[in-house]
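I opened this entry to keep track of what I looked up, residue by residue and strand by strand.

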Amino acid sequence: MALSTPLLPVIAAFDALFPYSITFTVQGGDQVVANRLLIKKNSNLSTVYNDVVSSYGFTHIIPANTLENGEYYIAQIKTYGVNDDITDVNAGSAWSFGSPFYCYTTPT
């Protein structure tokens, strides 16, 4: 078997001052042991977040104050199996389709 391409759902706008958990799904394929989340600013496609989490769960937490409120971003995720080198961005599954989202300050 091989790793299946993960699917990112629609990401609702959230306040970047707080941690935010992104969940994804995988249908079939090998056991997932880690995931890499890549976030780029939509305005210039500069990478603002690129980190790996070792976990069997299909979630990735963006730490507080990593992103900026008032910005528009695009997120992609890929998964790694037990035999993949998680330090290699070319290893693992294919990247998911991009999921755009905004960060906004929590309304008062």
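The entries below go from conventions to strands, core, charges and loops.

**Conventions.** I am working with a predicted model, in which local features need pLDDT of at least 70 and side-chain atom pairs count only at pLDDT 80 or more, while totals for chains, interfaces and linings use all residues. Residues are numbered from 1 along each chain as its sequence is written, and side-chain values use heavy atoms, with hydrogens and water left out. I take helices (H or I, at least four residues) and strands (E, at least two) as DSSP runs, numbered from the N terminus.

**Strand S4.** I looked up isoleucine 61 and found its place in strand S4, residues 59-62. For burial I use relative accessible area, with buried under 20%, exposed over 50% and partly exposed in between (1.4 Å probe, protein chains only). I noted as background that in a regular strand the side chains alternate between the two faces of the sheet. Along S4, His60 and Ile62 point to one face and are buried, whereas Thr59 and Ile61 point to the other and are not. Counting a contact as heavy atoms within 4.5 Å, I list Pro19, Tyr20, Ser21 and Tyr49 as touching isoleucine 61, with residues up to four places away in sequence not counted. I also checked leucine 37, which is 24 residues from isoleucine 61 in sequence and 9.2 Å from it in space, C-alpha to C-alpha.

I then asked which strand pairs with S4. Strands pair if DSSP finds at least two bridges between them, and strand S1 (residues 20-23) pairs with S4 in the antiparallel sense over four bridges. In this pairing isoleucine 22 stands opposite histidine 60 in S4.

**Core and strand S6.** A nonpolar core is here a set of buried Ala, Val, Leu, Ile, Met, Phe, Trp, Tyr and Cys residues joined through side-chain atoms within 4.5 Å. The largest such core has 19 residues, and Leu37, Ile39, Leu67 and Phe101 are those with the most contacts inside it. I see that strand S2 (34-41), S5 and strand S6 (99-103) each supply at least two residues of this core, and that the largest share, three residues, comes from S5.

Phenylalanine 101 touches Ile39 and Leu67, and its further contacts include Ile11, Phe14, Tyr72 and Ile74. On S6, I record Ser99, Phe101 and Cys103 as the covered face, and Pro100 and Tyr102 as the uncovered one. S5 and S6 pair in the antiparallel sense over five bridges, with tyrosine 72 opposite tyrosine 102 in S6.

**Charges.** How many salt bridges does the model have? With a salt bridge taken as a side-chain nitrogen of Lys or Arg within 4 Å of a carboxyl oxygen of Asp or Glu, the count comes to one. Glutamate 71 forms a salt bridge with lysine 41, the closest N and O atoms being 4.0 Å apart. Glutamate 71 lies in strand S5 and lysine 41 in strand S2, so the pair ties together parts that are 30 residues apart in sequence. Lysine 41 counts as buried because its relative accessibility is 18%.

I turned next to lysine 78, in strand S5 (residues 71-80). Lysine 78 is buried yet has no salt bridge, and the nearest side chain of opposite charge, aspartate 88, is 6.9 Å away; for charge, Lys and Arg count as positive and Asp and Glu as negative, with His and the chain ends not counted. A polar atom of the lysine 78 side chain does lie 2.8 Å from the backbone oxygen of alanine 91.

**Loops.** Between S2 and strand S3 (47-54) I found leucine 45 in the loop, with a positive phi near 60° in a residue other than glycine. Leucine 45 counts as exposed, because its relative accessibility is 52%. Serine 46 lies in the loop between S2 and S3 and touches Ile39, Lys40 and Lys41, not counting residues up to four places away in sequence.

In the loop between S4 and S5 I looked up asparagine 65, whose phi, near 65°, is likewise positive. Asparagine 69 also has its place in the loop between S4 and S5, and counts as partly exposed at 24% relative accessibility. The side chain of asparagine 69 makes a polar contact with the side chain of aspartate 15 at 2.9 Å. By polar contact I mean a pair of N or O atoms within 3.5 Å, where within protein one must be able to donate a hydrogen and the other to accept it, and residues adjacent in sequence count only if both atoms are side-chain atoms.
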